Amino acid sequence: MAIPFYFKKANRFIPHIVFVGLGIGTANYSINEDLNWIQWIIQSVSTSFLIGYTLIIIGLNKSWFKFYFKTRIKFYLFISLAFFLVGVLASEVEHVIRSLVFHSQQFKPLSAGKMYLFNGIISLVLGYSFFKYDFQKNKNLKSIENQKTLQDQKNKTDKFLDETDAITSIPVKQGENIFLIPIRDISYFEAFDNYSFVHNLLGEKRLCDYSLLFLEKRLDKNFSRVHRKYIVNKSHIEQIKPHFNGRYLIVFNNGLDPIASSKGYSTTIRKLIKIE
């Protein structure tokens, strides 16, 4: 299944970005009059827009980046580099505006000096701030487009299930094709934002449209929630071993890597191993 990449949702933040640019431009003019107020505003709004709009787009699409960068190291290296380079690019654009538009200085490519480092660090800090902020779920930021997206997801789900039906198979998309994986062939589900990954008996990992919350209500009694990130099929559990701090290590009988339960689901685990 392809993860959607959002651009239009960032447009609602444009007034905020412009307002920040106006504030920075006015502040710069009050302490440094080498440009007039209009020139400072044009320069500051341009820089604010380039940094702010780009970082918000990245923040809106963190699910997309997490999906395509399989390891955490690659993921965080990429977005850190992206955040920093956005600041560097904004510095160069600012330099171009001052040199070629306002003719306040001679233009030399890549000659902004410490400004690259300054804007790069600012962009990096802001980038992680935006990235930690949940643009998709914050109620104050919901729009008609967000509600339509949620409704589309619900309609997509309803194509496969009625409200009273139990799940017997899970639809997953591979390329342009949709495959149905029988429930009996699934070892466990792993949460991924509003979706989930299906781990089957062959060790394959496939993305499906259903969240763990939805699955927890529809799966049969063979499935148990053992972590906020995992729902396991007890038919494929080979061993449950004490881990640490009230947690357990769940070993599957098909060679999949073990997963750890969370302390909050220790009661469920004890029931699985008949302690209670």
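pLDDT is the predictor's confidence in each residue, on a scale from 0 to 100, and the model treated in these exercises is a predicted one.

**Exercise 1. Confidence along the chain**

Determine what the mean pLDDT of the protein chain is, and where confidence is lowest and highest.

Solution. Begin with the whole protein chain, for which the average pLDDT is 81, with 84% of the residues scoring at least 70. Turn next to the individual elements: the lowest confidence belongs to helix H6 (residues 144-158), with a mean of 51, whereas strand E7 (residues 230-233) has the highest, at 95. Finally, look at residues 136-147, over which pLDDT stays under 50 and for which the model has 17 contacts beyond four places in sequence.

**Exercise 2. The packing of H2 and H4**

Classify the relative direction of helices H2 and H4 and describe the residues of their contact.

Solution. The axes of H2 (residues 37-60) and H4 (residues 72-101) come within 10 Å and cross at roughly 160 degrees. Angles over 145 degrees count as roughly antiparallel, and the two helices, H2 and H4, are therefore roughly antiparallel to each other. Their crossing is right-handed. In the contact, residues of H2 including Trp40, Leu50 and Ile58 meet residues of H4, among them Phe83, Val93 and Arg98; the residues of this contact comprise twelve nonpolar, five polar and two charged.

**Exercise 3. The hairpin of E1 and E2**

Establish in which sense strands E1 and E2 pair, and over how many bridges.

Solution. Strand E1 (residues 169-174) pairs with strand E2 (residues 177-182) in the antiparallel sense, over six bridges. Ser169 has Pro182 in E2 as its bridge partner. Two residues lie between the strands of this hairpin, in which Gly175 takes a positive phi near 65 degrees.

How values were computed:
Residues numbered from 1 in each chain as written. Predicted model: local features only at pLDDT ≥ 70, side-chain atom pairs only at ≥ 80, totals over all residues. Heavy atoms only, no water. Axes fitted to C-alpha atoms, helices over the stretch in contact; angles between N-to-C directions. Helix = DSSP H or I, 4+ residues; strand = E, 2+ residues; numbered from the N terminus. Parallel < 35°, antiparallel > 145°, perpendicular 65-115°, else oblique. Left-handed = near helix turned anticlockwise from the far one by under 90°. Contact = heavy atoms within 4.5 Å. Nonpolar A, V, L, I, M, F, W, Y, C, P; charged D, E, K, R; others polar. Pairing = 2+ DSSP bridges.
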